[in-house]
Structures are given as C-alpha cells and as structure tokens.
Amino acid sequence: MLVHEIVNQFYSDILKKARERGLIIVTAIDVDALCATTILKTLLTIDQIPFSVYPVANRHEFEVYYNEKFENEESAIILCINHSADFDVLSTVMNDTVEFWIIDSHRPININNAYNAKQVKIVCKHKDVGEIPTYQEVFETESDEEKDSNDELDEGLEEDNDDENDYDNSAKAGEKRKGSNMGEKASKRSRMESHLEKNIRKKEWRAKRDQILMDYDEFSFFGTSVALLICELAIKLSKESNEILWLALIGLNSQYLESKIDRDSYMEGIAYLKGHVGRLNRECEETEPNLSISFSNELILPLLRHWNVYDSMYNSSTVAAAFCLYNHDGRNKLNGFLADLGLPVSQCQKSFVAMDLNAKENFENEFRVQLNRYQLEESDLFLPSFLASFKMHGKFSVLDFYYLINGSLYRDLKVNSEETDETLAHSFYAANNARNLLDFLTLKSTNLIKEAVPQGIELHSIIMETVRSFISKALVCGTSSFLYVSLPQDDKHIVLFQLPVTISCLARYTLEIYVRGLPSRNKRFRQLPLILRVPCLNSGDYYCGIPPYDDTSCKNVIHSAFDQASKVIGFEPLNKLFDRNMVLIRSEDRSKFLDTLATLLA
Amino acid sequence: MEDEEDNIFSGSDDEEAMTAGEVLQKLEEAWMNEALSPELLMNKSDIIDCMMEQINEMENNIQRVKTNDLKIYIHKMELERIRYLLTSYLRIRIKKIEKYATAIMMEDGKRDPDDAKLTDSELQFAREREKNLLELFQNLVLQHMPPNMQSLEKDKICSKPNLDEYVFFRVNQDVEGVLVEEETVDNREEVIDLKKGEQHIMRYKIIRPLAETGAVSLI
Amino acid sequence: MFGEKALELIKELKRCGDGLLPSFNEETVRQVLEEMKSLFEENHKDVTASSEGEQGLFPGVQLRHAALERNKRILLTYLNERATSIAELRWQMGTVLPPDIRSRLAEHELSWLQKYNKSLTAYMRAVGADITHNLKPPKSLLIEVRCTTEHGSIELTSGRTLHLSRGTHHFLERSECEPLIARGIVEEI
C-alpha cells in the first residue's frame with residue numbers, strides 16, 4: 001500500500017504501535033540511508049519511542065536477519081530505510097502479523113508491495129511513484145478466478161503453469177475448495193466452448209499483463225532522497241534543527257554525486273531546504289550555535305578544503321576526464337591550467353587551509369574564467385550547495401561529507417580485513433561499519449569528523465588510481481552492445497571494492513574518464529552502458545552495470561538485462577543485493593552471462 | 001495533573017499523616033546528609049519503608065493505566081528518580097558500613113538498642129562483613145605469623161570515619177552557643193550562634209549533634 | 001632493612017592505581033612472613049638469653065618487635081585494601097567476574113568474595129531493593145545503547161525478544177540496559 005501522508009498516516013501510526021509491538025529499523029548502509037536513520041533516531045528519541053537499529057548490507061543479510069533473528073518478533077513493526085521497495089518483501093516472510101513500513105528511494109516500486117494493503121506500507125511522495133499499473137491490469141479479479149476454477153474442476157482440463165505470484169495461488173486454492181461443493185449441470189459441449197473462449201481471453205489478458213509489468217519494470221531509477229523525506233517529516237512535526245537539515249543535505253547530495261538523480265531533481269531539493277536553512281540560520285543571533293549552515297556555490301572538487309588544489313583536481317573525475325589525466329600530456333595540461341589560474345606550484349601543493357589568502361580568494365573566480373578554454377562548463381564543476389561551520393572546527397562542505405562518510409566506511413574495511421577471514425565473509429561488515437557511521441553522523445564529536453578526513457582522501461585516491469590504471473592499461477574493452485572492464489583478481493586494493501558504494505563509484509568514474517578521453521570516431525561508445533566486474537573475495541563475481549554516458553535521465557535498464565540473463569541461463573544469484581544494477585554470480589557462469597548480456601543489450 | 005498525582009500516590013494518608021511529597025522531601029534530605037557526612041548517620045528506616053510501599057503502589061497504579069500518555073511517561077520518570085534516590089541512599093550507607101563496620105558496631109554497642117544507627121539487616125551485614133574480613137586475615141597471613149602476633153585488637157586497627165572533615169551546611173533552626181575549637185596550635189575556643197538560613201563551612205565534629213537532630217542540613 | 005619487603009606490597013598496590021587490581025603477590029607475602037619468623041626467633045633467643053642474665057639485648061628485642069608489628073600492620077593493610085578493591089569490582093561487574101580478574105585473586109580472597117556476595121544479597125533481599133542497579137541518576141527513561149558483541153536474543157520485561165548483534169543500536173528503558181551495560185554487552189552512547 002502506498003502512503004503519502006507522512007505525518008498522519010506514517011509517523012502517528014508508528015508512535016501508536018511502536019511501544020507495544022516494538023520498532024525495528026533495518027537500514028541499508030549507503031550515505032543517504034544512514035543520514036535518514038540518524039534523523040529518524042533523533043525524532044524517536046524526542047518522542048521517547050523505543051527502537052532498535054539493524055544495519056544490513058544486502059537483501060540476503062536482511063532475509064537472514066528476518067528469518068533467524070526476528071523470528072520471535074511476531075508482531076513487530078519493521079521499518080526498512082532505503083531498501084526493499086523494489087522487491088517483494090513478503091516473498092520470504094512466513095508469518096502474517098508482522099508489519100513492514102518501507103521508506104525507500106529505489107524505483108520502480110514492486111507491484112506486490114504496492115497492492116498489499118495489510119502488511120506492506122510504502123511511504124512515498126506522489127510524484128515519485130511513476131505510473132503504477134492498476135490493480136485490474138495485473139491481478140486477476142476474484143470473479144474471474146471463481147469461474148476459472150470451476151471450469152478446471154469440471155473439465156479436468158489444462159493446468160496453468162504460469163509464473164503467478166503467491167497471492168494468486170493461495171486465492172485459487174481457496175476457490176477450488178469452494179468450487180468442489182457446487183454441483184452444476186450444464187451441457188458439456190457448451191461448457192467446453194465457453195471454457196475455450198475464456199481460456200483465450202485469459203491468455204490474452206496474461207500476455208497483456210506481462211507486457212505491462214515489463215514496461216513498468218523496464219527502467220530502474222531513484223525517487224526523493226530518504227533523508228530529505230524524513231527531514232520533511234521533521235519539519236512538519238516542527239522538530240527541525242540544523243543537524244537534521246544538514247543530514248538531509250548530505251543525503252540529497254549523495255544522490256546527486258552517485259548519479260542517482262539528475263540536476264533538476266537535485267536543485268528542487270536544494271531549493272526546498274534552502275528556505276529552511278535560511279530560517280534557522282539568521283545572522284542576528286547573538287550566541288553562536290554549534291553548527292550553522294550557509295548556502296554556497298561549491299566547486300565539485302573532492303575534499304578541496306582538506307587537501308591541496310593540485311591533488312584535489314588531479315583526483316576529481318570531471319577534471320581527470322577533461323584533461324585526460326591518465327597520461328603525461330594530461331598532467332601537463334593540468335599544470336598549464338593551474339598556471340593560467342595564476343597559482344604558483346608552491347601554492348597548489350600547499351594544503352588548502354595554508355594557502356595564500358589572496359590566491360585563495362581569487363581562486364574560484366579565476367577558475368570560472370578559465371573553464372571555457374578547456375571545454376568545461378561551469379555546471380560541470382560548480383554545484384549549488386551548502387557549507388557547515390562547526391563551532392571552533394572550521395568549515396565543511398556538504399560535498400566533502402559524502403567522501404568523509406565513505407572514507408569512514410573504508411576505515412572499517414581495512415580493520416576488518418586484517419582481523420580474520422571470517423569477518424570478511426560476514427557480508428560487507430555492515431554492522432561494524434554502520435556503527436561508526438551512526439556515531440559519526442550524530443555530529444556530536446567533531447573529532448570523529450576530523451579523523452575521517454585522511455581516510456576520505458585515501459579512499460578517493462585509491463579509487464581514482466584504480467580508474468587511471470584501467471585506462472592506461474587499456475583494460476576497458478568495447479563490445480557492440482556494452483563496455484566492459486574487469487578488476488584484476490590480484491589488485492592490491494580489492495578489499496575496498498567489496499562494497500556496492502565503492503564498486504559503483506569505480507564504475508562511474510571509469511565510464512566518465514574513459515568515454516571523454518576517446519577520439520571522436522569512437523563516439524558510439526558514449527551510447528553504451530558500462531559493465532564492471534569485481535571479483536568477490538568469498539566466491540563469485542560482482543557485476544555492476546551503469547547507464548551510458550550520454551544518457552542523462554538517470555534511468556537504468558541494466559537490471560532488467562541482468563534479470564533476464566539470469567532467467568535465460570538459469571543461474572541463481574549467489575547473494576542478493578539492494579541495488580538491482582548489481583549482481584553477484586558464480587565465477588563459472590561468467591562467459592555464459594556476458595554472452596547472454598551481449599545479446600540482450602544489442 | 002493534581003488529581004492524577006493523588007491517584008498515583010494513593011495510600012499516602014496513613015497513620016504517619018505524611019503526604020507523599022513530605023516523605024520524598026525527607027528522603028531527599030536524609031540522602032543529602034548521608035552522602036555528605038563522613039560518618040554513618042542514624043538510620044531512617046521509617047522513611048525508607050514508607051517510600052518502598054509507595055513505590056510499589058505507584059508501580060501498580062502505572063501498570064493499571066495502559067496508555068502511551070505523556071502523563072504516564074512523567075510518572076514513570078518520577079518513579080525512576082525516586083528509585084534512584086532510594087537505592088543511592090542505601091548504597092551510600094552500605095559502603096560506609098563496609099568501611100567502618102567494626103567502629104560502627106562498637107559505637108552502637110554503647111548505645112541503647114532502640115537508638116542504634118544500624119537497622120537489623122544492616123547490623124547483620126556489618127557482622128558478616130567483619131567476620132569475613134577477619135577470616136580472610138586469619139587464613140592468608142595471621143595463622144602463618146609467630147604466635148605472639150596472631151591476635152588482633154579490633155578497636156586499634158579498624159578504620160574510623162574522619163570526623164575532622166570540613167563540611168558545608170545550612171542552618172534550619174537557630175542554635176545558640178555552639179562551641180568551635182579552632183584547629184590551630186593555640187587551641188583558642190570560640191562560641192558562635194547559628195541563625196536560620198545561614199550557610200557555613202566547619203569541621204563535622206562540631207555540628208555532629210546538630211546534624212543528627214536536623215537542626216542543620218549538609219549541603 | 002626490616003619491613004622493606006612489606007612496603008613493596010603497598011607500593012605495588014599504589015602503582016596500580018584505582019580500579020586495577022594486581023595479582024595477589026604470594027611470593028612477597030611469603031617472604032614477609034619469613035622475615036617475621038626469623039625476627040621472632042631471634043627475639044625468642046635474645047629473650048631467653050636475657051632471662052638467663054645476659055645484658056644489653058633489650059633494645060634489639062624492642063626494635064625487632066616494632067618491625068614485627070609494622071610488618072603485621074602492612075600485611076593486614078594489603079589484604080584490606082585488596083578486599084576493598086575486590087568488593088568494588090563486584091559492584092562494577094556484577095557477581096560473575098571475568099576470568100582474567102579471577103585469576104589475580106588468591107583462593108581465600110575468592111571465597112571471601114563469595115561470602116561477601118552472599119551477605120550483600122541477603123541484605124538486598126531484606127530491604128527489598130537491588131542497590132547494585134540505578135547507579136546513575138536517571139536523565140531520561142530510555143537510553144540509547146550500542147551493542148558491542150554478538151550476543152543473540154534476550155527477553156525484555158515486556159515479553160518481547162530483542163536480538164543483540166554487534167553494531168546494532170537500541171533505544172530501551174534504562175532498567176533493561178543496566179545489567180547489559182554491566183556485563184559489557186552494550187555500551188551507552
């Protein structure tokens with residue numbers, strides 16, 4: 001069931017039920033989800049509602065949690081943050097008393113979730129839903145079923161083996177019993193005819209339904225950031241604070257940086273938050289608050305404020321793509337650009353905070369002026385965004401926080417991989433990562449934030465280094481239907497690329513830099529999706545598919561290709577991930593899988 | 001809110017004719033004094049028993065009302081606070097008894113049993129404490145010592161509270177002619193009058209009797 | 001010097017600081033007892049000699065006696081201080097001490113702890129309140145805790161079960177959390 005009234009239908013309902021039935025928040029571990037969870041925690045703390053937060057890394061882990069660990073929680077309310085809207089949550093759930101609430105930006109919404117009125121409730125905005133097929137279009141109505149099953153019994157005819165969902169099957173079983181008590185006497189012949197007629201109609205209907213479902217499911221895309229959604233809830237409850245707005249900004253920003261939403265949707269969110277930020281950050285206040293936020297047109301250079309100009313530019317995917325920074329010429333070009341900006345080498349290599357004041361002030365303006373000469377547009381490198389000043393701890397850009405949070409994730413990756421192989425097998429170290437992140441995001445300890453800076457820098461450098469090595473070693477190969485790149489099994493940073501977040505970062509940067517560096521005769525590659533293979537440390541391979549560079553709609557068709565390929569060659573994904581553009585399959589299926597994909601995407 | 005309060009605190013007008021609020025106030029005072037005085041004070045078992053009863057009463061009342069009301073939340077919170085006061089008070093006493101068990105029991109031995117500082121259960125605890133410690137000494141070292149060293153003079157070795165400790169206090173009722181010995185070499189004596197509402201810092205020994213009667217409260 | 005060994009014991013306790021209990025130093029205790037024994041024997045010899053008429057032994061006897069008294073006092077202090085720390089540990093960690101701490105206790109100290117537990121429990125039963133709980137003044141009814149170990153499921157007083165696994169956060173009633181905090185399963189945020 002879809003719920004649009006976030007205060008009246010969602011929050012008050014949760015408040016009413018949570019104390020007695022228990023509230024379990026199961027959160028995904030991407031930046032947006034963690035921000036959303038943190039805001040929600042703040043709200044629940046204010047209302048003194050007991051809850052438990054379980055961070056999970058993938059669908060498999062969620063199912064394990066559900067089936068093994070919450071089995072006694074028969075009446076619990078399970079709140080899914082940023083996962084599960086796009087697959088049938090009830091497909092693996094046995095009991096029918098538990099209630100799922102889903103706040104998720106993954107689209108399209110699974111049709112079974114959308115029409116389950118009792119156990120599944122999806123909180124979303126009207127505009128995010130898209131065109132959901134009507135109930136009549138996708139579910140067989142009861143009256144049809146009744147006749148249908150009577151026919152089946154009397155005539156002992158066909159057995160349909162359609163891949164119907166559970167809902168239909170159970171309904172049918174009930175009808176069958178009912179039907180057996182009915183003693184209808186009619187001429188066999190006319191029944192036969194009418195049955196055939198119905199059968200044909202039914203087949204037509206099913207074909208139509210399949211088509212509708214396929215069309216509906218063709219594109220995967222993302223709706224409103226969940227952090228923003230919960231921030232809106234906070235605002236409606238008049239419980240907003242700078243911390244909450246800041247978390248919503250990080251969530252929204254992460255969606256844009258991960259290419260989940262286009263610039264227009266991003267700007268829409270920014271415009272909404274800007275009003276509230278302005279309201280809560282009036283200049284005239286006498287005491288300086290712990291955190292104040294101000295609007296700013298930010299350069300999209302990773303961690304610029306905590307790094308130096310040269311390295312930040314060198315590791316920016318946009319700059320790297322424009323200047324071809326994977327070869328000698330590219331680096332010369334970057335040096336030339338910096339010279340044009342009027343920055344001496346010594347200043348570029350100095351950490352940004354220590355830079356000459358004049359140079360720093362002129363930096364952004366000069367940057368704008370010089371951009372055009374290098375085939376860059378202002379919108380490529382500038383993004384309307386926000387700056388946070390923490391009392392006594394300097395300024396942080398929303399953009400930087402994205403890298404810092406991912407960096408914090410990376411710290412735990414390293415620690416865990418040193419510990420034991422067993423923890424490594426513990427799918428994605430989710431719990432431990434998120435533990436630190438949830439602390440980090442409460443923003444209470446600015447030390448934690450500062451500690452994350454070197455980690456953010458390190459992680460980002462490693463990703464960019466890997467991208468450069470892909471390109472300089474010519475590992476990206478183009479087929480007729482997609483681009484393909486594979487991370488070597490012996491890559492020394494492979495442990496980092498076991499997380500969906502880093503895998504998709506790697507894929508995105510690779511595509512951008514690769515495609516923009518191509519000679520013009522190869523322009524057709526701009527229209528091809530990229531598929532990245534990363535060997536999983538346990539067993540099997542991750543495949544991540546991202547849409548073509550020229551496609552700016554932020555809609556992805558790869559997941560349906562993945563789904564179909566798995567149907568065609570009949571493999572079961574080893575591990576189900578939250579993002580449908582990523583799969584984990586057995587290594588031996590690789591060539592079959594890629595061949596099938598080539599045909600499907602052609 | 002008032003009504004609810006009475007409801008939750010029902011059973012308050014029993015034979016002692018103290019309202020729940022008064023009991024709580026008494027408990028708070030006893031808790032403060034006990035926490036701040038260097039020695040163990042008289043037991044306040046009447047207050048404690050009364051409070052215990054009321055806690056149980058309140059708990060039952062809360063359990064009867066099953067709503068997610070804000071009122072219930074406030075009452076629960078209040079209950080937690082009282083429970084903290086109670087346990088904290090008992091805890092402070094037990095820790096003092098642990099430390100000065102022998103000294104306290106000797107002191108109590110000189111008093112009228114009705115005026116004993118220790119409650120029965122505290123006395124039991126103190127006795128066991130002393131006995132166990134002596135056993136420990138005996139088993140680990142004393143029995144291995146030369147014969148003339150094996151005996152113990154309890155009163156000589158037991159630790160005693162430092163009555164010369166300085167304490168802050170507030171005067172609750174006027175007291176005249178308090179003898180203050182100065183802790184200096186020339187041992188001058190001074191007599192002062194304490195007026196209600198005044199606050200002083202002095203050695204505990206001087207105001208010891210006043211603290212017991214409630215003429216001053218430690219702060 | 002007489003009494004030097006004994007002083008070491010006290011120094012050792014002091015060096016370890018508050019809340020950290022060093023292992024029971026059996027060796028040094030034994031040495032102190034031996035020193036006492038030899039002091040006593042010498043005194044005994046001298047006293048016997050004196051009673052037989054020998055002169056000038058008395059100051060020596062007195063000095064040794066003082067040393068004996070001092071050693072005794074120090075040994076008892078050592079034991080008393082340790083007993084206090086052990087009792088403190090029981091308040092902090094509950095009735096079950098972790099094995100590494102248990103191993104630092106002498107056997108008699110363990111049995112002392114057992115008796116201590118028993119009389120404490122008896123006292124708490126008599127007053128009808130568990131005074132090892134509610135250690136901190138309550139700020140709010142519910143507190144947020146983070147689970148630090150894979151613990152598995154527990155049952156709450158409300159009858160619900162709660163699954164505790166590493167890295168999960170829970171917002172629960174303080175009274176439910178306190179025993180878990182004491183056992184080190186969760187920590188308060």
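UniProt positions are given here in the numbering of this model, feature names are shortened, and annotations may be inferred rather than shown by experiment. I keep that in mind for chain C, where the UniProt record places "domain: GINS subunit" (unreviewed entry) on residues 34–127. The model is predicted.

**Entry 1. Chain C, annotated spans**

I looked up the secondary structure of the two spans that UniProt lists. Residues 34–127 of chain C are 84% helix and 0% strand. The end C-alpha atoms of that span lie 46 Å apart.

The second record is "domain: DNA replication complex GINS protein PSF1 C-terminal", again from an unreviewed entry, for residues 139–189 of chain C. Here I read 18% helix and 43% strand. The end C-alpha atoms of this span are 13 Å apart.

**Entry 2. Chain C against chain B**

I asked how many residues each chain gives to the contact. Chain C gives 32 residues and chain B gives 31. On the side of chain C that touches chain B, the elements giving two or more residues are helix H2 (26–51), helix H3 (58–93) and helix H5 (107–127) of chain C. Which of them gives the most? H5(C) does, with 10 residues.

**Entry 3. Chain B, overview**

I noted seven helices and five strands in chain B. Along the sequence the pattern reads α-α-α-α-α-α-β-β-β-β-α-β. Chain B has 219 residues, and 25% of them count as buried. I also checked contacts between residues at least 6 apart in sequence: in chain B, 72% of these join residues at least 24 apart.

**Entry 4. Helix H3 of chain B**

I compared length with expectation. H3(B), residues 45–64, has 20 residues, which should span 28 Å at 1.5 Å a residue. Its end C-alpha atoms are 29 Å apart, which agrees.

Next I listed its buried residues: B:Ile47, B:Ile48, B:Cys50, B:Met51, B:Gln54 and B:Met58. They cover an arc of only 160 degrees around the axis, so they sit on the same side of H3(B). The face turned away from that buried side carries the exposed residues B:Asn56, B:Asn60, B:Gln63 and B:Arg64.

A reminder to myself: an α-helix has 3.6 residues a turn, so residues three or four places apart point the same way.

**Entry 5. Helix H5 of chain B**

I ran the length check on H5(B), residues 120–140. Its 21 residues reach 30 Å from first C-alpha to last, close to the 30 Å expected at 1.5 Å a residue.

Which residues of H5(B) are buried? I found B:Glu122, B:Phe125, B:Ala126, B:Arg129, B:Asn132, B:Leu133, B:Leu136, B:Phe137 and B:Leu140. Seen down the axis, the buried residues of H5(B) fall within an arc of 135 degrees, so they line one face of the helix. Charged names are on the list too, B:Glu122 and B:Arg129 among them.

**Entry 6. The sheet of chain B**

I traced an open sheet of three strands in chain B, in the order S4-S1-S5, with antiparallel pairing. Strands S4 (199–203) and S5 (216–218) of chain B stand at the edges. Each has a single partner strand, so one side of each is left without a neighbour in the sheet. From one strand to the next the twist averages 40 degrees.

I then looked at one pairing. Five bridges join S1(B), residues 166–171, to S4(B), and the two run antiparallel. B:Phe168 stands opposite B:Ile201 in S4(B).

What packs on this sheet? Helix H2 of chain B, residues 20–36, touches S1 and S5 of chain B. The direction of H2(B) makes about 65 degrees with that of S5(B). Helix H7 of chain B, residues 204–213, also packs there, touching S1, S4 and S5 of chain B. For H7(B) the angle with the direction of S4(B) is about 120 degrees.

**Entry 7. Chain A**

I counted 25 helices and 16 strands in chain A. Of its 602 residues, 42% count as buried. Residues 24 or more positions apart make up 72% of the chain A contacts with a separation of 6 or more.

I picked out strand S3(A), residues 51–55. Is S3(A) covered on one face or both? Both: A:Phe51, A:Val53 and A:Pro55 are buried on one side, and A:Ser52 and A:Tyr54 on the other. That is five of five residues buried.

S2(A), residues 23–27, is joined to S3(A) by four bridges, and these strands run parallel. The bridge partner of A:Thr27 in S3(A) is A:Pro55.

Note on methods. Residues are numbered from 1 along each chain as its sequence is written. Chains are lettered from A and ligands numbered from 1 in the order in which they are written. This is a predicted model: local features need pLDDT of at least 70, side-chain atom pairs count only at pLDDT 80 or more; totals for chains, interfaces and linings use all residues. The expected span of a helix is 1.5 Å times one less than its number of residues. A residue is buried if 20 or more other C-beta atoms lie within 10 Å of its own, exposed if 12 or fewer, and partly exposed in between; C-beta atoms are placed from the backbone. The arc is that of the directions from the helix axis to the C-beta atoms. Two strands pair if DSSP finds at least two bridges between them. Axes are lines fitted to C-alpha atoms, for helices over the stretch in contact, and angles run from 0 to 180 degrees between N-to-C directions. Two residues are in contact if their C-beta atoms, placed from the backbone, lie within 7 Å.
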